[in-house]
Amino acid sequence: MVLFAKSVLRQSNAEAANTFSRWMGTLDFFSLMGAFLSDSYLGRYLTCVTFQIVHIFGLMALSISTYLFMLKPPDCGKIGQLCEPHRPIEVAIFYISIYLIALGNGAPEPALATFGADQFDEEDLEEKKSKTSFYSYFYVALNIGCLFGETVLVYIESLGHWVMAFWTCTASSIAAFVLFLSGSFRYRHFKATGNPISRFSQVIVASMRKTNYDLPSDGEGLYETSGREGDQMNGTRRIPHSNGLKFLDRAAHITQQDDITRMSSEGQTPNPWYLCTVTQVEEVKCVLRILPIWLCTIFSSVVFIQMLSLFVEQGAAMNRRVSKTFHIPPASMTAFDIVSTTLFIVLYDKLVVPLCIKITKREPKPPSELQRIGIGLAIAVLALVIAGFVERLRLKHASITEETSSLSIFWQTPQYVLVGVSEAFVYIAKMEFFTSQTPDGLKSLGMALSMFSSAIGSYVASMILTVVMKITTRKGEPGWVPPNLNDGHLDRFFFLSAGLTALNLAFYVVCAKRYKFISLGKREEGIN
């Protein structure tokens, strides 16, 4: 998208980076909306089907609009060869197309990942082990698709064949949709559990209504359904009472006005706006506890967005020649990120862990999800520092007459590889953590929180870049990220990002040490 924005839409480096950041942020924002619909009303299967259709329509609209009026003259759109300015209606159609793609891709993503994990039973030891591996291979599958897109499709696009590339994406999306539908009669389904916003509001309101009541210190006298009532009817598991956030326990505190004995004898259930179950209260506690961790994962997404935008722009200003006739597209360097991520995930259990056992002479305790996120954030800091030093080296070899440098683009390899290893640690651990630490009825929301941190990271990346450019362009200066990178200081921007990510890591360590993990009961029924 960065190359399309520069070559076809005639945007500058900073404008193209912001266009991509906002689009990525909106895509991940739609994941939160999709998760809400999935957990509340549609269920995970219908959510996947509905929005995949939207995705196909968006790709078709982009392909048709690009063919009809975006490429003028017809041979424009190559690197360094700009297209003619477009009319506002043409630009508007383009943006509608790409945001339909964002909706169709983002909304079903948390439901799709959670729906796949639903096919494994956590209470079966073998299936539980397979479920742990599922998230890793799910991310590997995404990376394999990205590898094709960032190499073959990017090369086609760099030659100006945007229409061919977009129709290839459309055909792939249709094929994936048909493949998903083919397994419809064999899937395991969970029922939607209702509006979580209503359930959360009930806990807040009920607890505020009982602020004058004293709670027993041992958690006794709190209301919970028995047998197969309430939460057990839809297959969700109970959550036992936990210490902490005790002000919310008042929502489950039984008072004389609640008259539970009479209601039970008459087969009635209490009004949840006055009395909630312990499980319902603990659902709210779970979400509140993971919010600090969620906030800390935002900066890992900032690094990833910079890799997809500023790393590409940095590569475009380097020597891309591989042979006399072939120049590597700068966006294809992300293949090093994808390959390193995939190899690390595949080899982690088969090579890294056995090697640790051989060296230490004992079987190591695998790092928890929180520890893996911390390791990934530390590696991300290192990647940004290296990117800054590579930029300084690029500037030393910069051409005086051209916007490029004689430094080979392959000097970017270490920063891409490190970002890939960071992804392998952070992204999979985020998926496992947020889905395991949310109640059964909110699993898609947990996955969406993982993805929504990427959305906020996209907007944060755009905001940081905008603020930096506004400050550094005062008094007629070109700024740190100008159209010609040889006139700027992209290295300083990378070092600034590394410093902010390091501060975020320190805050994350504090939050991770204070985190208390969820405890779930056994599931009874509710699976089809």
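I began with Leu68, which I found in helix α3, where helices (H or I, at least four residues) are DSSP runs numbered from the N terminus. I am working with a predicted model, in which local features need pLDDT of at least 70 and side-chain atom pairs count only at pLDDT 80 or more, while totals for chains, interfaces and linings use all residues. Residues are numbered from 1 along each chain as its sequence is written, and side-chain values use heavy atoms, with hydrogens and water left out.

I then looked up whether Leu68 is buried or exposed. Leu68 has a relative accessible area of 54% and therefore counts as exposed, since exposed means over 50%, buried under 20% and partly exposed in between (1.4 Å probe, protein chains only).

Next I noted that Leu68 joins Ile64, Tyr67 and Trp167 in a nonpolar patch on the surface, with about 450 Å² of accessible area together. Such a patch takes residues with over 30% relative accessible area and no salt bridge, and nonpolar side chains are joined within 5 Å; a salt bridge is a side-chain nitrogen of Lys or Arg within 4 Å of a carboxyl oxygen of Asp or Glu.

I turned to Gly488, which lies in the loop between α16 (443–472) and α17 (490–514) and is buried because its relative accessibility is 4%. Leaving aside residues up to four places away in sequence, I found that Gly488 touches Leu395, Gly479, Trp480 and Pro482, a contact being heavy atoms within 4.5 Å.

Last, I checked pLDDT, the predictor's confidence in each residue from 0 to 100: the chain averages 81, and 90% of the residues score at least 70.

Terms used:
Patch = residues over 30% accessible without salt bridge, like charges linked within 9 Å, V, L, I, M, F, W, Y side chains within 5 Å. Areas by Shrake-Rupley, 256 points an atom, 1.4 Å probe, with all protein chains shown as cover. Helix = DSSP H or I, 4+ residues; strand = E, 2+ residues; numbered from the N terminus.
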